[in-house]
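New to this one? Take a look at the structure below, then read on for a short tour.

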Amino acid sequence: MNRRHFLQSAAAGALVASAAPTPKMIGLQVGAVSFLDEGVDKALDEIQQDASVNTLFVATFTYGRGIAGRQSPGQPLPDHGKQEYDTPGNANAFHGGSYVRTHPQFYKDTVIQDFRAPELGEYDVLEAVIPAARKRGMKTICWFEDVWRRDVPNVAQAQEKQLDGQNSTNLCFNNPNYRNWLLGTVEDYCRSHEIDGIMWGSERQGAFAQSLGAAHESTPRSPGTLGCFCQHCERKAKERSIDVARARAGFKALGEFTTAARARKRPVDGYYVTLWRLMLRYPELLAWEMLWTDSLRETYAAMYSKVKSVKPSVGVGWHIWHNNSFSPIYRAEQDLSELSKYSDFLKMVMYHNCGGERLATYIRSVGGTMYGDVPQQELLDFHYRVMDYKQEKPLAEIPKSGLSANYVYEETRRAREALTGATTQLWPGIDIDIPTAQTNARCTPGGTKDAVLAAFRGGADGVLLSRKYSEMSLANLRGAGAALKELGLV
Ligand SMILES: [Zn+2]
């Protein structure tokens with residue numbers, strides 16, 4: 001009998017009066033503009049009523065539209081908030097950056113010092129929200145992500161260096177300017193505000209997986225843009241006895257392979273065999289991928305220990321990218337027994353509705369490189385097998401149907417099992433109105449309810465309603481609330 005089952009049966013039999021189960025974390029991601037548009041108390045009233053949310057994941061920093069700003073252009077406006085878009089020309093046009101005031105003493109060891117979001121003026125979302133949230137017994141977690149723009153002052157000194165020598169928009173985890181910015185940011189959050197936690201997310205991967213298009217990205221990456229090959233990464237490679245020149249030669253050859261594959265120029269021995277030949281000839285390809293992955297893990301660990309050194313009671317965890325549901329390579333890199341060493345919680349993305357569209361995009365992408373010889377339905381069936389999914393629909397249907405609630409169940413169950421023995425909390429990310437093409441699957445109250453039920457059936461310690469309140473319809477939010485009521489959790 002494992003600990004979970006013991007606690008459940010203990011509670012059921014009232015054997016131990018003090019063994020009351022920990023309340024489940026009911027989280028919601030929300031950006032600053034929602035509080036400004038709707039008023040803090042009115043927004044909190046709404047999300048408490050609709051979905052019994054007890055933890056706010058406030059987007060404190062990003063240059064991306066996924067977690068901040070209003071509804072994405074081209075998507076229908078939801079039934080709350082300002083009924084307009086924040087596209088250029090409109091009020092509060094989205095720019096991105098920090099939605100909290102920054103304190104210069106925490107950014108002395110980095111050249112990135114000027115990153116305040118300009119569109120909301122002097123507004124500090126934590127200052128505005130935390131007192132109101134505390135009064136209601138709600139927790140506040142700072143939620144920020146690894147998304148940058150090129151016009152941030154001095155950012156070039158922290159950017160990844162591509163294979164072609166150009167700078168990338170992405171920043172390098174091994175660059176002290178970025179590492180120190182991340183550490184300064186979490187210290188600033190911990191010391192300047194009464195926060196309950198910090199969650200950070202990075203939706204990227206190493207050069208090998210990038211090259212193969214092993215993600216739900218619709219635009220293939222040109223070989224020259226692969227990264228990172230900066231001086232800091234090269235030095236780290238040498239410390240690991242990786243031959244940098246061989247790695248570069250390997251990526252050049254891999255780039256020639258993927259370029260030809262996407263032009264449907266089949267190699268004599270086929271796509272899959274030729275890729276294996278490259279991996280055998282240049283084992284540096286995989287070593288470079290692992291170097292990138294380890295650098296991300298070291299970044300997690302460094303942020304974790306920084307927070308714990310400042311305020312041990314602040315929880316620290318990570319948003320794990322949706323690609324974990326599609327690409328076996330990326331999933332292999334998300335070794336939960338390793339991540340659990342520096343994770344109080346993990347938000348594992350399990351977006352069921354947009355998952356269908358994204359999985360189809362992933363299949364088309366790898367179907368144009370390493371699996372060029374495999375008919376795409378067969379390729380999807382192969383992924384259903386190796387990723388351990390059951391009851392999902394054919395390729396032609398998944399963009400229009402989305403993935404099933406059973407997908408959420410399978411993913412939760414798998415993550416739960418992978419975390420056996422760890423104290424890390426498992427909080428599946430639940431899709432509420434994440435944009436899809438208008439003709440593809442759209443979220444429904446029933447579908448949202450089923451996804452939340454499935455997460456708890458799979459053993460979740462909570463759920464995180466995603467991606468941002470400003471794109472969610474209230475009816476779908478209430479679908480999540482209905483599941484929680486049915487489960488007796490609220
Ligand atoms: Zn680098």
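What follows is a walk through the overall fold, three helix pairs and a few backbone oddities.

## The big picture

First things first: this is a predicted model. Confidence, given as pLDDT, averages 95 over the chain, and 96% of the residues reach 70 or more. There's a weak spot, though: across residues 10–17 the pLDDT drops below 50, and this stretch makes six contacts beyond near neighbours in sequence.

In terms of building blocks, the chain has 18 helices and 12 strands. The C-alpha trace spans about 65 × 50 × 50 Å along its principal axes. How does the radius of gyration fit with a compact globule? For 490 residues, such a globule would have a value near 23 Å, and the chain comes in at 22 Å, so the two agree.

## Helix 5 and helix 10

Let's start the helix pairs with helix 5 (residues 176–192) and helix 10 (residues 284–310), whose axes sit 9 Å apart at an angle of about 30 degrees. Angles under 35 degrees count as roughly parallel, and helix 5 and helix 10 are therefore roughly parallel to each other. The crossing of helix 5 past helix 10 is right-handed.

Who does the touching? On the helix 5 side you'll find R179, L182, L183, V186, E187, C190 and R191, while helix 10 brings T299, A302, M303, K306, V307 and V310. Sorted by character, the residues of this contact between helix 5 and helix 10 come out as eight nonpolar, one polar and four charged.

## Helix 8 and helix 9

Next up are helix 8 (residues 244–262) and helix 9 (residues 271–281), with axes that come within 10 Å and cross at roughly 170 degrees. That angle makes helix 8 roughly antiparallel to helix 9.

Helix 8 contributes G250, A253, L254, F257 and A261 to the contact, and helix 9 answers with Y271, T274, L275 and L278. Between helix 8 and helix 9, the contact residues split into seven nonpolar and two polar, with no charged ones.

## Helix 16 and helix 17

Further along the chain, helix 16 (residues 405–418) pairs up with helix 17 (residues 445–457): their axes come within 8 Å and cross at roughly 25 degrees. Helix 16 and helix 17 are therefore roughly parallel to each other. Helix 16 goes past helix 17 in a right-handed crossing.

From helix 16, the residues involved are A405, N406, V408, Y409 and T412; they meet D450, A451, L453, A454, A455 and R457 of helix 17. This contact of helix 16 with helix 17 is made up of seven nonpolar, two polar and two charged residues.

## Backbone oddities

A bit of background helps here: most peptide bonds are trans, and most residues other than glycine have a negative phi. So which spots are worth a second look?

One is the bond between G227 and C228, which is cis, with omega at about 20 degrees. You'll find C228 in the loop between helix 6 (207–211) and helix 7 (231–239). Another cis peptide bond links S466 to R467, with an omega of about 5 degrees. R467 is in the loop that runs between strand 12 (462–466) and helix 18 (474–486).

Then there's S52: it isn't a glycine, yet its phi is positive, near 50 degrees. S52 belongs to the loop between helix 3 (40–51) and strand 2 (55–62).

How values were computed
Residues are numbered from 1 along each chain as its sequence is written. This is a predicted model: local features need pLDDT of at least 70, side-chain atom pairs count only at pLDDT 80 or more; totals for chains, interfaces and linings use all residues. Axes are lines fitted to C-alpha atoms, for helices over the stretch in contact, and angles run from 0 to 180 degrees between N-to-C directions. Helices (H or I, at least four residues) and strands (E, at least two) are DSSP runs, numbered from the N terminus. Angles under 35 degrees count as roughly parallel, over 145 as roughly antiparallel, 65 to 115 as roughly perpendicular and the rest as oblique. A crossing is left-handed if the near helix is turned anticlockwise from the far one by less than a right angle, and right-handed if clockwise. Two residues are in contact if their C-beta atoms, placed from the backbone, lie within 7 Å. Ala, Val, Leu, Ile, Met, Phe, Trp, Tyr, Cys and Pro count as nonpolar, Asp, Glu, Lys and Arg as charged, and the others, Gly among them, as polar. pLDDT is the predictor's confidence in each residue, from 0 to 100. The radius of gyration is taken over C-alpha atoms; the globule rule is 2.2 Å times the number of residues to the power 0.38.
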